[in-house]
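Here is a friendly walk through one protein chain, with its strands, hairpins and helix packing taken in turn. Please keep the structure open beside the text as you read.

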Amino acid sequence: MGNGNRETMAALRRHIQELQARIRELESRPDAFRDMVDSLPQLVFELDLNGRFTYVNDYALHIYGFTRQDIEAGVNIAQTIHPDSLDLGMRALEDILSGAPSPGHEYLGLRKDGSPIPVKVYAQRIIKDGRPRGARGVVVDISDIKQAEAALVESEQYYRTLFENTGTAMVIFSDDGVIRSCNSQFQELSGYPASEIVNKMTWMDRVDPDDLALMRTYHSARGNGRAAPRRYNFTFLVRGGVRKRVHVSVGLIPGTGDRVCSLIDITESENAREALRKSEERYELVVRGAYDGIWDWDLPSNTIYFSPRYKVILGYRDGEMPNRLRSWIDSLHPEDRDRALDMHYQCIEGGLEHFETEFRLRHKDGTYRWILARGIPSRDADGTCRRLAGTITDITEWKKTDQALKFSERQYRDIFTYANNGIFQSTPDGRLIKANAAAARILGYESPEALLAEVLDIATQCYAVREDRQRFLDAIRERDSVEQCEMHLRRRDGKPIWVLANIRTIRDEQGGVACFEGFLQDITERKNSERTTRAMYAISKAITTSGDLHDLYATIHAILGEVIDATNFYIGLLDPQEDRIVLPYFEDERDANYDIVNVSNPKTKSLTAHVVRTGRPLLVTRDDIATPEHMERTGYIGTLPAVWLGVPLKIKGVIIGAMAVQHYTNPAHYTEEDVSFMEAVSEQVALAIERKANMEELTRLNEELESKVEERTRELGRKATQLETANRRLKALDEIKSGLVSSVSHELRTPLTSIRGFAKLTGKEFGRLFQPLANSPELRRKGERIRQNLDIIGTEGERLTRLINDFLDLNRIESGNATWNDRLLNPCDVVRQSVESVAGAFAANPHVRLATDFPNATPLILADADKIKQVLINLLNNAGKFTERGEIMVRLRATRDALTVSVSDTGIGIPLNEQPLIFDKFHKIRYGDTVVGEAKGTGLGLAICKEIVEHYDGSIWVESKHGRGSTFHFSLPLIQGTMERCESSADGPE
């Protein structure tokens, strides 16, 4: 194509670009959707391929603490993810950019101030011009959800601890009898681990066949709502076929068909009772051989008799224990000796008519046995004791059972005393009968004793609203229990609190209500947080739902009134130019609206002006205001209230006014919690007022501009029609040009292929058939010249073919018809493959060394591997053409934002005046009037490299000194958060 045609095409392209720029200018309008997103109470963002934020809305800036200037300066997504969640967040971003579906990812976010925030992110890939450009999505603050989950886990741990530490074997089974849960005591009792019990065993598997029919009757009756005993004894089957007697307590779990069952092993206790019964029988039949040991002490002779059974109890045969008093005294436990002797001597001396006591005697094996000893004296006529006789009963096993029961009771008392949640029992008529320390602390009392002593009527002393007590009674009568019930109570000092209660009915043996038993958890802080969050959301929403500013003020008043008493409420706004505070919204039972003038003058006194000047909230009572010190500092305007609460309205630290509530009769009407609530919502109120005012101002300005816009639109419409007509003509010309280029290239390729083929064939035939016939130097010289000319025809044909191929590649890229097979690539692999593909050509020149320099690892890029190889091979071939000896080095380096590939040579270099033109189409380097490498290149290779690199938003440039070699660099965006190892960082092929 001639120079004239090239200049025409270049002019056409410039004209097209100018027209497209003007069309984009005409199509640009104020971004109404962006304004709408900015006003949403939801976090919205957009990212580019490097993970850098290109847009975030105002709400996201507020939540994360960044400014618009921070975003413009460059904030990467990694700066908003907590280090503990960084790997997860970056993998999620890579999945999104690769087109994988995103169901939402939870991780820990990071505010600008370093504080964490749990979030859930929903995002999708941005596709533009058929290529991924980044991602956009929304972020959901899940702090409340995480707090609720933590509270649930804490509750589950609490009840699991109770389940595990009751001191008895416990099991939960479903209506079909399958065991769903058991504690460690049940595993110990049954001899089976939980893995063989839970969901694999039924309660019937552990019941003795003799008791099974009765147990099934109880189970069926209980499931159908009929009366059935809750506590009874039965024979329990232990692993290995061992039978144990147990005492069981069964109850239905409300709202389910499940049962909870508590079992106590009473085998030893029943055995002990049976032994005692038999001892009594043997005691009555002493002569026939008593089960109890019998002793008889003759005082005048100081001799004593121990029956054979007495000795057996202590492990001796009849002849092994002497019948001496010293035998009994020596066997007494040292801690029991004085008490036992004193009991016997009191009976002898007449202080006791008889005795019955417990002490320990040493067994033959060295252990001590607990003994129940009974004794009665025999006296003569003058009352002198002549004999002292009695029995002993071995009660060791009974004492062990009794100690176990006491230990279990002590464990229950410890759980009751030291539990974090409040535990209580109360009578149906509202009197507390039991409470732990946590219950007293929640209700504001120093101790459980103080709580029980002072609270005589729960309805009047503990409920914030007395009628709530009756509603609770109605609910628990209907269902026998209430679960997860939120109650509004008040502490001893009158401060209102919220508790989460689980309460059940305890019935007596006749089925009547004995008492209520329950657990309390203080959730006041959570409820306060919920009401603040709801109020802030409602205020934010009111910006778009309210009609005008006054409607917005009224809506804010109503929202605050749902949380605190805002009967007397006003909003004051500071007008710095007029130096006054105006009250655009004022609702008061006693006073009329007014303005506060000369605000900057320290002599101007009012509570509102004081809040505006100091920028701090203020809660004062009538007694505080009336003091001389307070009057001098703040003063007041209008009727003196019993209590006044005001907070400043701030926007980004700038005070724009104040809002206040007041009460005329109750000085204790507002608390510090109300101050915290008003302060928490004040910034949202200020933002709502500012945005609504701006919206009204924009509406006014929009009305003024509408007429101008309409006139301008008509004029632009006419010009747009003209431009569109011209654009259609240019598109048609571009299509004609593309078709012409394709057709011409095809028509050129066919004859070129023939020319190259016939030139090569003619050269071979000439050299084989004709050159040998030359019989003179002149003929041989002319024959060699003909052969060289044929070689030149083949070489130039190849060069022309390359020119056509390069021209077609460039045309496809410029016209947007090129195919780009983009995927994630390891740059080391692409560079290594490119070097290997040209290594054979470089091997022909032993004076040039080809080497590579790779890092240990590198981030990934998103590109077409063949296109990147095309760039590298072009650069390497150029380096080879202009380097006769020395080294060609390919280096790979990654920075924070980009990956840079460099190809350096030690060739002839590029003159300084040629470097700005090096990437132009058809440009060749000239040294004076000489074109270097004119027969070697097409002048399009570097232009194609530039088009490919810039297609990926990269850049390409050259650094060169004449006679000292050149270095071509090109950089590509990398994928943040990715990293893969290079196989080798050593030199490549030489």
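Strand 19 and strand 20 (residues 513-522) are antiparallel partners, held in register by 9 bridges. Within this pairing, Thr505 sits opposite Phe516 of strand 20. The two strands make a hairpin with 5 residues between them, and Gly511 in the turn takes a positive phi of about 90°. Do keep in mind that this is a predicted model.

Strand 19 (residues 496-507) also has strand 18 (residues 481-490) as an antiparallel partner, through 8 bridges. Here Arg490 faces Pro496 of strand 19. Strand 18 and strand 19 form a hairpin too, with 5 residues between them.

A further hairpin is found earlier in the chain, where strand 9 (residues 242-252) runs antiparallel to strand 10 with 7 bridges. Gly251 has Val260 in strand 10 as its bridge partner. On the other hand, Val260 in strand 10 also stands opposite Ile172. That second pairing joins strand 6 (residues 169-173) to strand 10 (residues 259-265), antiparallel over 5 bridges.

The hairpins can be set side by side, each with the glycine in its turn:

| Hairpin | Residues between the strands | Glycine in the turn | Phi |
|---|---|---|---|
| Strand 9 and strand 10 | 6 residues | Gly255 | about 80° |
| Strand 18 and strand 19 | 5 residues | Gly494 | about 90° |
| Strand 19 and strand 20 | 5 residues | Gly511 | about 90° |

Now for a sheet with helices packed on it. In what order do the 6 strands of this open sheet lie? The order is 23-22-21-26-25-24, with antiparallel pairing. Strand 23 (596-597) and strand 24 (618-621) are at the edges; each has a single partner strand, so one side of each lacks a neighbour in the sheet. The partner of strand 24 is strand 25 (residues 643-651), which runs antiparallel to strand 24 and is joined to it by 4 bridges. One of these links involves Val620, whose bridge partner in strand 25 is Trp644. Helix 20 (residues 607-614) packs on this sheet and touches strand 21, strand 22, strand 23, strand 24, strand 25 and strand 26, with its direction at about 35° to that of strand 25. Helix 19 (residues 549-561) lies across strand 21 (568-575), strand 22 (580-587) and strand 26 (654-663), and runs at about 65° to strand 22.

Two helices further along also deserve a look. Helix 26 (residues 865-881) packs with helix 27 (residues 941-951) at an angle of about 150°, their axes 9 Å apart. The crossing of helix 26 and helix 27 is left-handed. On the helix 26 side, the contact includes Lys867, Val871 and Leu875, while helix 27 contributes residues including Leu942, Ile944 and Ile948. Sorted by class, this contact has 7 nonpolar, 4 polar and 1 charged residues.

Is Thr396 buried or exposed? With a relative accessibility of 9%, Thr396 counts as buried, because the cut-off for buried is under 20%. Thr396 belongs to helix 13 (residues 396-418). Leaving aside residues up to four places away in sequence, Thr396 touches Arg369 and Trp370.

Finally, the chain as a whole. The protein chain has 27 helices and 37 strands, and 41% of its 990 residues count as buried. Of the contacts between residues at least 6 apart in sequence, 54% join residues at least 24 apart. About 54400 Å² of the protein chain is exposed, with carbon and sulfur atoms supplying 51% of that area.

Notes:
Residues numbered from 1 in each chain as written. Predicted model: local features only at pLDDT ≥ 70, side-chain atom pairs only at ≥ 80, totals over all residues. Heavy atoms only, no water. Buried < 20%, exposed > 50% of the residue type's maximum accessible area, 1.4 Å probe, protein only. Contact = heavy atoms within 4.5 Å. Areas by Shrake-Rupley, 256 points an atom, 1.4 Å probe, with all protein chains shown as cover. Pairing = 2+ DSSP bridges. Axes fitted to C-alpha atoms, helices over the stretch in contact; angles between N-to-C directions. Left-handed = near helix turned anticlockwise from the far one by under 90°. Nonpolar A, V, L, I, M, F, W, Y, C, P; charged D, E, K, R; others polar.
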